[in-house]
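Let's take a walk through this one together. Pull up the viewer and follow along.

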Amino acid sequence: MNDVLFGVDPADLSVPALVWAADEADRRHLRLRLVVAVPPVHDRLRYDALGHRTALRTRAESALADVEELVRRLHGTLPTLPELADGAPATVLLARAAGAVLAVVGSRRLGRTAELLGESSVVVPLTARAPCPVVVVRAPEHTEVRPPTLVVGVDGSEQSRAAVAFAVREASLRAARLRAVWVWPRPILAREDTEAGLSERRRLLAESVAGWTERYPDTVVDQGVVRGHPVEQLALAARDSLALVVGRTGRGGYTGMRLGSTVHGLLHHAACPVITVPSGPTGRRARLGGGRAAAENGG
């Protein structure tokens, strides 16, 4: 279907997220699919359930109409597909994400417990499990900053290679610079902080972005290795950027832990949209190996 999917939240419509999704669909010449889910009603007396369900559906229909009107004002000719679906929001959006190029949602700025366990929360489940890249918009992109820049986090893993591939293409679409950042945590022992270690990471970073400048000669790619905590340093590097792109990390079966601690932290602390990219089935492991790379950047 090749849609850009936008999850409509009737309780808290995120205008920055909707603007991001509409602009991206227009930039890519794709249809914008607008989906709002009406969740099931639990633990209510039988006589009250129908009324509550009707109220939820009415609110969802109103939100969908408001979103359609705003999209028409932003991009009058952009094709849209509005949809009202029954089910838990995360489940509904995950099903629709199978036919999407991108999935875009806003963030309610919930605490970690609420985002993991709340029935209406979609950020963590969608980011952890969607088969397409997921964009979480907590704050608008910094379009006023020149030159426009995207930041991609690199750690040598298969996931970060997929993130680099996405980020280069996105930077080219936006006529933006790309900054590739490898965060090297400070060692516990001073003797582990060596020039050889820094040189090795610079080499691995260069390998991770090698070839992309030839494919996209219009895109300037800067590279840098920085020291510190991955969440803090990536959020700092992307504070004035259009978006921060990272690979999906984490290896556990539990929904939240599939993200890895770095991605989870960035969803709460980055001051720009965060794009999480799943790895492809044929991606190759970098020389650092999955365990060491994930350990360095908090996966």
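Leaving aside its neighbours within four places in sequence, which residues is Ala139 in contact with? Before getting to that, keep in mind that what you're looking at is a predicted model. Now, the partners: Ala139 touches Ala271, Cys272 and Pro273.

To find Ala139 on screen, look in the loop that runs between strand 5 (134–137) and strand 6 (149–153). Sitting in a loop doesn't say how accessible a residue is, so here's the number: Ala139 has a relative accessible area of 17%. The cut-off for buried is under 20%, so Ala139 counts as buried. There's also a long-range pairing to look at here. Val15 is 124 residues away from Ala139 along the chain, yet the C-alpha atoms of the two are separated by 9.8 Å.

One of Ala139's contacts, Cys272, deserves its own look. With a relative accessibility of 1%, Cys272 is buried. Cys132 is buried too, at 3%. If you're wondering about disulfides, a search of the whole structure turns up zero.

Next, head over to helix 10, which covers residues 260–269. Is this helix largely enclosed or not, and why? Eight of its ten residues are buried, so the rest of the structure largely encloses helix 10. If you want to click through them, the buried ones are Gly260, Thr262, Val263, His264, Gly265, Leu266, Leu267 and His268.

Part of the surroundings of helix 10 is helix 9 (residues 230–237), which packs against it at an angle of about 45°, the two axes being 9 Å apart. That angle is why helix 9 is called oblique to helix 10. As for handedness, the two helices make a right-handed crossing. On the helix 9 side, the contact is made by Pro230, Val231, Leu234 and Ala235, and on the helix 10 side by Ser261, Thr262, Gly265, Leu266 and His269. Sort the residues of this contact by type and you get five nonpolar, four polar and no charged. Notice that Thr262, Gly265 and Leu266 turn up both in this contact and among the buried residues of helix 10.

Last stop: Ser62, in helix 2 (residues 46–74). Ser62 has 40% relative accessibility, so it counts as partly exposed. Ser62 also has a sequence-distant residue to check: Pro10 is 52 residues apart from it in sequence, with 8.0 Å between their C-alpha atoms.

Methods: Residues numbered from 1 in each chain as written. Predicted model: local features only at pLDDT ≥ 70, side-chain atom pairs only at ≥ 80, totals over all residues. Heavy atoms only, no water. Buried < 20%, exposed > 50% of the residue type's maximum accessible area, 1.4 Å probe, protein only. Helix = DSSP H or I, 4+ residues; strand = E, 2+ residues; numbered from the N terminus. Axes fitted to C-alpha atoms, helices over the stretch in contact; angles between N-to-C directions. Parallel < 35°, antiparallel > 145°, perpendicular 65-115°, else oblique. Left-handed = near helix turned anticlockwise from the far one by under 90°. Contact = heavy atoms within 4.5 Å. Nonpolar A, V, L, I, M, F, W, Y, C, P; charged D, E, K, R; others polar. Disulfide = S-S within 2.5 Å.
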